[in-house]
Structure formats: C-alpha cells, structure tokens
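Let's take a walk through this protein together, starting from a single strand and working outwards. Keep the viewer open and turn the model as you read.

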Amino acid sequence: MWYKLWMSIKKELLLLKRDFGGLIILFVMPLILVVTVTLIQNSSYQAISDKKLPIILVDNDRGSISDTIKKQINASGTFLWIDKLDGIAITEELAKKEVNKGAYQMALVLPKDLSVDLKAKINQNVERILEDFSLEPTVKTTVREITPKQIHFYFDPATQNTFKEGIKNAIDKMIAQTENQLIYSAFQENLGEGTAPLAPGVRDFIQFKEMAPKATEQAVKPNSVQHNVPAWTLFAIFFIMVPLSINIVKEKTLGTQVRLRCNPTPTYILLAGKTITYLLICLLQFYAIVLVGYWVFPQIGLPRFDVQGYFVLLTIMTLFAGLAAIGLGILLGTLAKTQEQSSPFGATFVVILAAVGGVWIPVFAMPELMQYVSKLSPMNWALNGYYNILLRNGSIMDIFGELSLLFLFFVLMVTISILYDKKKRSV
C-alpha cells in the first residue's frame with residue numbers, strides 16, 4: 001500500500017513538473033498579485049492617514065464658528081483647508097468648479113453672519129427660558145426673526161458616500177461643540193456670572209478611547225499586509241483546482257485511469273496521492289508568500305508580515321484550506337469531460353469564490369443578501385480563520401469551527417466525486 005501511495009505521489013509530481021506553465025500560475029502569479037495589490041492598498045492607506053487632504057473652505061462668516069472649524073480642521077491632522085487660489089479668495093462659484101472637475105475632494109461654504117445669528121438665536125432662547133422661570137412680570141420686547149442657516153458641502157462626484165458622511169458628521173460635531181459653549185456662556189451672562197470659560201471638568205467630560213476587545217492581549221493594529229497575505233494565499237491555494245482537475249481529465253481521456261485500476265490500485269490510494277501532493281504545493285505556496293511578506297515587503301516600504309507566535313496555527317489553517325481546494329478540484333475533474341470544460345470553469349469559479357468570500361471586498365461592505373451568500377464560501381471560512389489568528393490572537397480552539405467546516409467540505413466533495421464516478425462506470 002505504501003509503495004502504491006508513493007508511486008501515486010510521484011506520478012502527480014511528474015505531471016506538475018512537465019507542466020511549466022501551470023507551475024508559474026501556482027507560484028509566480030500569487031507572488032506578483034500579493035506584492036502589487038499590497039503596494040496599491042498600502043499607498044492608498046498612507047495617502048489618507050499620513051498626508052493631509054486639501055479641502056476648500058469658503059468663509060463668508062468670519063466669526064467664532066468659522067474660527068472653530070478652522071482650528072478643528074488643523075488639529076485633525078487629516079485635512080488642510082485652503083481659501084485662496086493663486087492669491088485670490090475663493091468664491092462659492094469657483095469652489096464648485098474646482099470640486100466638479102476633481103481638483104479637490106470637497107468644498108465647505110459657511111454662510112454670512114453664521115456666528116452672529118447663531119449667538120443671537122441662542123440668546124433669544126435663553127432669555128425666553130429665564131423669563132418662563134421668572135416670578136416678576138416682564139415687558140415683551142420685539143424679537144428679531146432669524147432665518148436658519150445652511151452650510152453648503154460640495155463633493156467630487158467620484159467621492160464615496162462613506163467619505164461624505166464622515167465629513168458631514170465631523171463638521172456637525174465641531175458646530176455642536178461651539179453651540180454648547182455659546183449656550184453655556186449665554187446662561188452665564190444672563191445670570192450675572194460673567195463670561196468665564198467652561199468650568200474645569202465640564203469641557204471634555206466624556207472622552208473616547210479605543211480598547212482591545214481582549215483585555216489580556218495587546219491590540220493588533222491592522223494593516224494592508226495582514227489582509228493581503230492570507231487573502232492572496234487563499235486565492236493561490238484554491239487556484240490549484242485548475243491544474244488538478246486538468247490532470248484528472250487527462251487521466252480519463254488518455255486511459256491512464258483505467259490502467260491504474262487494472263493494477264489494481266484502490267481509489268482511495270489514488271485520491272490520497274493527489275491530496276498529499278497538492279497539500280505540499282499549498283504549503284509551498286504559503287511559505288513562499290510568507291517569505292516575500294517577511295523579507296521583501298520591508299525592502300519596498302511595506303510593513304513586515306510577522307508570523308512570530310502564529311506560524312504553527314497558520315500552517316494548520318493552510319492545510320485545511322488546501323483540503324477544501326483539493327476537494328473542489330477532484331470534484332471538478334470528475335464531472336468535467338474535457339480540459340476545455342475544467343480549465344475555464346475552474347478559473348472563473350475561483351474568482352467568484354474570492355469575490356464572494358471577502359478577498360477583494362470586505363464582507364461587511366457587501367449588500368445584506370451577499371453577506372449571507374459569503375458564509376457559503378470555503379474561502380470565507382479560511383479567511384476568517386486567518387483573521388482569528390493574526391488579528392484576534394486566536395488559539396486552536398478559536399479556529400476549530402473553521403477547520404471543521406473546511407474538512408467536512410473536503411469530505412463532501414470527495415464523497416460526491418466517488419459516488420458519481422462509480423455510477424458513471426456502472427452504467
């Protein structure tokens with residue numbers, strides 16, 4: 001039995017050795033993909049987090065509100081406001097033109113007398129409240145009608161909605177802080193307490209601090225490398241279903257499968273030989289990508305992919321992900337009648353699994369229906385397992401569910417292949 005198993009493994013290795021183009025697809029393509037995509041995503045991340053994004057600010061107010069917004073924008077470290085182009089003050093019309101042609105991501109236009117009218121409106125409301133509490137009759141005075149003010153936002157048509165909503169919320173927070181301070185000062189003035197600033201402890205009484213979900217572990221700061229290395233490793237692993245299915249089809253069309261069974265060689269020996277061979281390929285793919293992430297990434301300005309403390313768990317997850325991919329390859333090779341059927345279908349199916357599984361687009365950003373569909377993708381199970389290890393400091397028990405699903409998927413695919421093959425040969 002062991003001799004037949006070794007001969008089966010040797011046969012698979014010889015088939016792969018003769019297919020030079022297939023080896024390039026299995027090893028070179030994933031390395032190019034992981035480097036290219038990580039560089040692109042990392043550059044985008046740095047452009048947002050490390051560089052200031054210029055935005056147009058048309059200040060028609062020139063009061064406390066506009067001063068507060070300018071200070072907050074400068075303090076954010078993310079944006080840089082400009083109000084002049086070539087030494088000329090920017091008007092609302094000019095701002096619209098510049099944003100519409102994509103020169104700037106957004107423009108913010110503050111209306112005239114925003115601060116003055118806001119302060120007047122607050123004073124009117126405060127006086128009315130104090131009059132309601134007063135026991136002495138008061139003389140009704142004529143109240144000036146103050147019309148609501150609108151702050152205009154102009155966004156580049158190519159700007160995503162998430163960016164727009166984030167900017168609106170940030171500006172709304174700035175104005176709310178100024179409103180609160182003006183209300184506090186108005187009450188102080190009317191109560192005869194002067195215009196002292198907020199009492200110590202009142203300002204910034206509620207603060208935000210990011211905490212790690214696991215109190216016993218140090219929070220891991222995610223980056224583009226921690227997503228792309230496991231994601232494109234999975235893409236490479238599942239791509240082995242293409243050469244695997246092609247080899248199975250070749251065995252059927254060339255009569256090799258019949259000769260092997262006449263040996264006689266049990267079916268489980270043949271399947272075990274293919275499984276072991278392609279599991280070795282999966283591990284080599286994973287180790288090659290890890291080496292690139294560890295040694296090459298720092299040389300080209302990317303964060304290092306550090307596997308210290310995770311290596312064994314990552315290897316286990318890779319093995320089970322490889323089993324799922326091999327199961328799919330065996331099923332496809334069993335069902336397909338020609339190489340023309342197995343090759344394009346396998347490549348297309350891998351792309352679909354990657355798209356649905358969260359390799360390209362995070363699952364949380366998908367429509368609700370697709371979020372449910374993604375749970376059916378073995379690539380999504382494996383990706384969640386990698387995340388549990390790298391980002392959530394998970395143990396073997398934390399990935400046991402994903403490992404179980406991947407193994408059961410492999411068993412199911414192989415079982416269907418065996419039953420279909422037996423039925424086809426018995427007809």
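A good place to begin is strand β1, residues 53-59, where 5 of the 7 residues are buried, so the strand is largely enclosed by the rest of the structure. Keep in mind as you look around that this is a predicted model.

What does β1 pair with? One partner is strand β2, residues 79-82, which runs parallel to β1 and is joined to it over 4 bridges. To find your bearings in this pairing, pick out Ile 56, which stands opposite Ile 82 in β2. Another partner is strand β5, residues 106-110, and here too the pairing with β1 is parallel, over 4 bridges. The landmark for this pairing is Leu 57, which has Leu 108 of β5 opposite.

Now move along the chain to Asp 156. You will find this residue in the loop that links β6 (152-155) with α6 (161-190). Is Asp 156 buried or exposed? Its relative accessibility is 10%, and because the cut-off for buried is under 20%, Asp 156 counts as buried. Which residues does Asp 156 touch, once neighbours within four places in sequence are left aside? The contacts are Val 99, Gly 102, Tyr 104 and Gln 105.

For another stop, go back towards the start of the chain, to Leu 15 in helix α1, which covers residues 2-18. With a relative accessible area of 25%, Leu 15 is partly exposed, since that class lies between the 20% limit for buried and the 50% limit for exposed. Try selecting Leu 15 together with Pro 243: the two are 228 residues apart in sequence, yet their C-alpha atoms are 9.6 Å apart in space. Leu 15 also touches Asn 247 and Glu 251, not counting residues up to four places away in sequence.

With these places in mind, zoom out to the whole protein. Its secondary structure comes to 15 helices and 6 strands. How much of the protein is buried? Of its 427 residues, 41% fall into that class. Contacts between distant parts of the sequence can be counted as well: among contacts with a separation of 6 or more, 80% join residues 24 or more positions apart. Finally, turn to the outside, where the accessible surface comes to about 24800 Å², and carbon and sulfur atoms account for 63% of it.

Methods:
Residues numbered from 1 in each chain as written. Predicted model: local features only at pLDDT ≥ 70, side-chain atom pairs only at ≥ 80, totals over all residues. Heavy atoms only, no water. Buried < 20%, exposed > 50% of the residue type's maximum accessible area, 1.4 Å probe, protein only. Helix = DSSP H or I, 4+ residues; strand = E, 2+ residues; numbered from the N terminus. Pairing = 2+ DSSP bridges. Contact = heavy atoms within 4.5 Å. Areas by Shrake-Rupley, 256 points an atom, 1.4 Å probe, with all protein chains shown as cover.
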